[in-house]
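Reader: I am new to this structure and should be grateful for a close look at a single part, namely the surroundings of the ligand. Please set them out in a connected account.

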Amino acid sequence: MFIIVVLTFLFGIIYLLYLRYTYWSRNGVPGPKPLPFVGNFILNVMGENSIGEIVTDIYRHYDRYPFFGIYRGLTPILVVKDVNFIKKILIQDFKHFYDNDNLVKQTVDPVLGRNPFFCKGEDWKRRRAQLTGSFTTGKVKNMYIFMDTSSSRLVQYLENQTRKSNTVYVNDICARYTLENVAPCTFGLEAKCFEEKESNFRRIAEEFLAPGTISKPQQIIMDLFPWVKKYFKLKIVPEKVDQSLKELMESTLKYRKENNIVSHDFFECMAQIMEQDSSFTSLDMVGNAASFFFDGYETSTKVMSFLLLDLSLNQDIQDKLRKEVQDAYKKNNNKFTFDVIQDLPYLEACLNECLRLRPSLPNMQRTCTEDYTYTSTDPDMIPLKVTVKAGTPVFIPVQALQSDPKHFVNPDKFIPERFLDKEEYSFNKICYLPFGEGPRNCLGKKFGLVQLKVGIANIINNFKITFNTKTRYPLKYDPHYIIMVAVGGIWLDFHKLDDSTM
Ligand code: HEM
């Protein structure tokens, strides 16, 4: 009897797995064979490859298909290659793909859960509308002063560092620089990242971004079976970090009120919303400020490090960029202003190209919110039809699209000119998605780009950068992060330019 029960149970499990893992083939969607329980992400579970690398490999294999199906654990995911379908998901039929694919819950993670990136439905719409006004060009221009100060501190810090050794851990200096900008803009504080080895603000920021209270096995289970989070209250950010952020915010609010301080920063925009809208609480304010860390700090830090690496590997491009930057600097009485920084087309092209080669988010992840049927009509692809059911995650494979020779000439080469000579290097705009696209695109794009340009312009104006073999190259991306992070970090040599070359 016992043996019959065990066998029935085992056959039941095998049958359920069979049903799960034939979901795509039964719906006429091609895709690689999954392994029981891990689906197609075994190399990620084993710590070998990042999700971006895995999806890019499969994308290349299914070259002639408009989409393909994979499995994350037991969850079927549709990966879309057809550019018309991508346009429909992100823009034209956005109402069917309203939410990002994640399970951060506001009730469990009150601070992180208020980040628009993790919000869903009407809550996302309301928060996005509240925040949009804080990210205009005018508002970013008002905050330029903070970036100017941080970049001078960065140059000073590098001068001191290079007196001891030319070799610089680039991830570290870029993190110090971006935090030095984010701290005054969001929390109205001085981060002291260049003065102190481990500043209090940096410690809180890193704790907020670290996987905190979730142990490694818990994390693997959540990656494989994300729906378990619905049943277990797994908190992503530790309670003490939430508390530190709340205390920081409240003390600045009190200090500014008592001393009648009005500053032109995000903090002030949030304080104004709180005065006008009684439903916007101090917790919402903390949540929004913390969003800037989560969405802006790591992304900007990594992009800045990658661009410095690209410039070290392409000395001719570095020289051309330095000429543009130094000419503008001299023409403007040895100063970079907001307008000068905005008028450096080659710098912008270098940044765009860096974001093409290594987009921060290698896969954009949406959830289908209303059933949706699509029939591919691309003449270069095998015609296929799919009905995406509500609740199904959909990946837009940004890294794979941006390195596809069908969309970009010489995709593996760093060629900033492709963003200047639109004829020779023409490409479909929808294949270039470093900041996303449509109603859910990156809110901080303007802020992020200006802070990167100021930092890079000041470095290039003062230093020649060369490659250091301590950097693992070709780069390997860390499988534990959803954004692109180089294993081992980036190490480069900085050589101070003397006055005659400046
Ligand atoms: C170079 C730096 C940055 C890159 C590459 C980047 C990239 C992205 C990407 C790819 C998305 C997802 C877009 C989508 O799903 O369509 C996103 C969303 C977002 N980003 Fe950024 N980002 C950067 C800097 C920033 C900064 C500095 C801030 C804030 C100051 C910020 C705030 C946000 C927010 C709030 C969202 C969520 C938008 C929503 O879901 O409505 N980002 N970012």
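Author: The model discussed here is a predicted one. Two helices, H15 (282-313) and H20 (445-462), each contribute at least two residues to the shell around the ligand. Of the elements involved, H15 gives the most, supplying seven residues of that shell.

The ligand is surrounded by 25 residues, and those that come nearest are Gly-296, Gly-436, Cys-442, Gly-444 and Gly-448. Sorted by class, the shell comprises 12 nonpolar, nine polar and four charged residues.

Helix H15 also leads to another part of the model, since helix H14 has buried residues that pack against H15. Helix H14 spans residues 266-276, and its buried residues are Phe-266, Phe-267, Cys-269, Met-270 and Ala-271. Besides H15, the buried residues of H14 pack against helix H7 (137-142), helix H9 (170-187) and helix H13 (239-258).

For a contrast with these buried positions, one may turn to Thr-162, which belongs to helix H8 (residues 144-164). Thr-162 counts as partly exposed because it has 17 C-beta neighbours inside 10 Å, whereas a buried residue would need 20 or more. Leaving aside residues up to four places away in sequence, Thr-162 touches Phe-494 and Lys-496. Gly-39, by comparison, is separated from Thr-162 by 123 residues in sequence and by 48 Å in space, taken from C-alpha to C-alpha.

How values were computed: Residues are numbered from 1 along each chain as its sequence is written. This is a predicted model: local features need pLDDT of at least 70, side-chain atom pairs count only at pLDDT 80 or more; totals for chains, interfaces and linings use all residues. A residue is near a molecule or strand if its C-beta atom, placed from the backbone, lies within 6 Å of it. Helices (H or I, at least four residues) and strands (E, at least two) are DSSP runs, numbered from the N terminus. Ala, Val, Leu, Ile, Met, Phe, Trp, Tyr, Cys and Pro count as nonpolar, Asp, Glu, Lys and Arg as charged, and the others, Gly among them, as polar. A residue is buried if 20 or more other C-beta atoms lie within 10 Å of its own, exposed if 12 or fewer, and partly exposed in between; C-beta atoms are placed from the backbone. Two residues are in contact if their C-beta atoms, placed from the backbone, lie within 7 Å.
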